[in-house]
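Work through the exercises below with the structure open beside you, and try each task before you read its solution.

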Amino acid sequence: MASAVTGDVRTAASGSGSVLTRRTGWNLWSLPPVAVLAVVFLYPLLLVVRQSFSPDEGGTSFAPYTEVFASTSFRSALTTTVWLAAGATAGCLVLGFGLAMVIAFVPFPGGRAVARFVDVFLSFPSFLITLALLFVYGNSGMANGLWTGATGAADGPFHFLTTPWGVLLAEITYFTPFVMRPLLAAFSQLDTAQLEVASSLGAGPVRIVRQVILPEALPALAAGGSLVLVMCLNEFGIVLFTGAKGVTTLPMLVYSKAILESDYPAACVVAVVNIAISVGLYSLYRVVSRRAGA
C-alpha cells in the first residue's frame, strides 16, 4: 500500500516537473521576439517620450507640453484631426453599409468578384487612391480637362481636392472598404429566411433594413467604425498628397515641427498626444471587435 502511494507521489511529481519544464521552455522561446519588440519598437517610443520632456535649454520639465498646448497651431491641428476623422468615419459607415447591403442582398452579375475586390482594395496604399483622385479631380485632371474642352473656359470648376473637403472625400474613398469587410462577414451569417418572412408579412424595404438587417449589422458597424476612426486620426499620406492648403492634422504637425522647424521636443509632444489618443481608441476597437466576434 505504501509503495503504491509512493509511486503515485513520484508520478505526480514527475508530471508537475515536466509541466514546469515545458513552461520554462516556452518562456525561453518567447524571449527573442520580446527582445526584438523592445529594441525595435519600445525603445524608440521611450526615446520619443523622453524627448518630449527635454526642452532645448536642457534638463527635464513639462515646458514643452505647456508651450505646445498653449499654441494655436496645436489646438487647430487637434480640431482638424478630430473633425476630419469623425466626418470620414461617419461617411464610411453610411456608404459602407449601403454598398455592403447591395453586394450581400442584391444579386447582380459579378457580385462575388466585387466582394473579393473589397479584400484586395484593403491592401492598397492610401497615397495611391489620392493620386487617382488627383488624376480625376485635380486642377489639371480629367474632369477639369473635359470642362475646359467642352466650354472653352480657361479653367475648370473642380478645385475642391486641395480643400478639407477633398481630404474628407479621399479618406472616405480609401477607408470605406474597412467598414464593408466586417459588414459582409456579418451579412453572410444572416439567415435570408428572416428577410423573406418579414417581406411576406408586409414589411417594406426600409422596415426590413431597420428591424432585421441593422440590428445584426450594429456590432460589425461598431468594429469597422472604430478601426476607421483610429486610422483616420493617424493618416498622413492622404493629407500630404492632396496638397490641401491650411489642412494641418496632428501627424502633419509632427512632420512640420520635426522636419521643417527642427523643433524636436514640440514634435515629440504632439506625437505623444497622438499616440495616447490612438492607443485609447484602439483599446476601444479591441473591446468592440471582441464583442462583435470580428
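The bend at a residue is the angle between two fitted axes, one through the seven residues ending there and one through the seven starting there. The model used here is predicted.

**Exercise 1.** Find where helix α7 bends, and state which proline follows.

*Solution.* Applying that angle along α7 gives a bend of about 35° at F175. The proline is P177, which follows within four residues.

**Exercise 2.** Check whether the span of helix α7 agrees with its number of residues.

*Solution.* The helix runs over residues 164–188 and has 25 residues, so at 1.5 Å a residue it should span 36 Å. Its end C-alpha atoms are 36 Å apart, which agrees with the expected value.

**Exercise 3.** Decide whether F53 and Y65 are buried or exposed, and classify their ring pair.

*Solution.* The ring centres are 4.9 Å apart and the planes stand at 40°, so this pair is tilted, because only angles under 30 degrees count as stacked and those over 60 as edge-to-face. The pair links distant parts of the chain, since F53 lies in the loop between α1 and α2 while Y65 belongs to helix α2, 12 residues apart. With a relative accessibility of 23%, F53 is partly exposed, whereas Y65, at 12%, is buried.

**Exercise 4.** Classify the ring pair of F175 and F178.

*Solution.* Their centres lie 5.9 Å apart with planes at 50°, so this pair is tilted. Both residues sit in helix α7, 3 residues apart, which is about one turn of the helix. F175 is buried at 1% relative accessible area, and F178 is buried at 13%. Ring pairs also join them with F117, F121, F124 and Y174 into a cluster.

Definitions and conventions
Residues numbered from 1 in each chain as written. Predicted model: local features only at pLDDT ≥ 70, side-chain atom pairs only at ≥ 80, totals over all residues. Heavy atoms only, no water. Helix = DSSP H or I, 4+ residues; strand = E, 2+ residues; numbered from the N terminus. Expected span 1.5 Å × (residues − 1). Phe/Tyr/Trp six-rings, centres within 6.5 Å; stacked < 30°, edge-to-face > 60°. Buried < 20%, exposed > 50% of the residue type's maximum accessible area, 1.4 Å probe, protein only.
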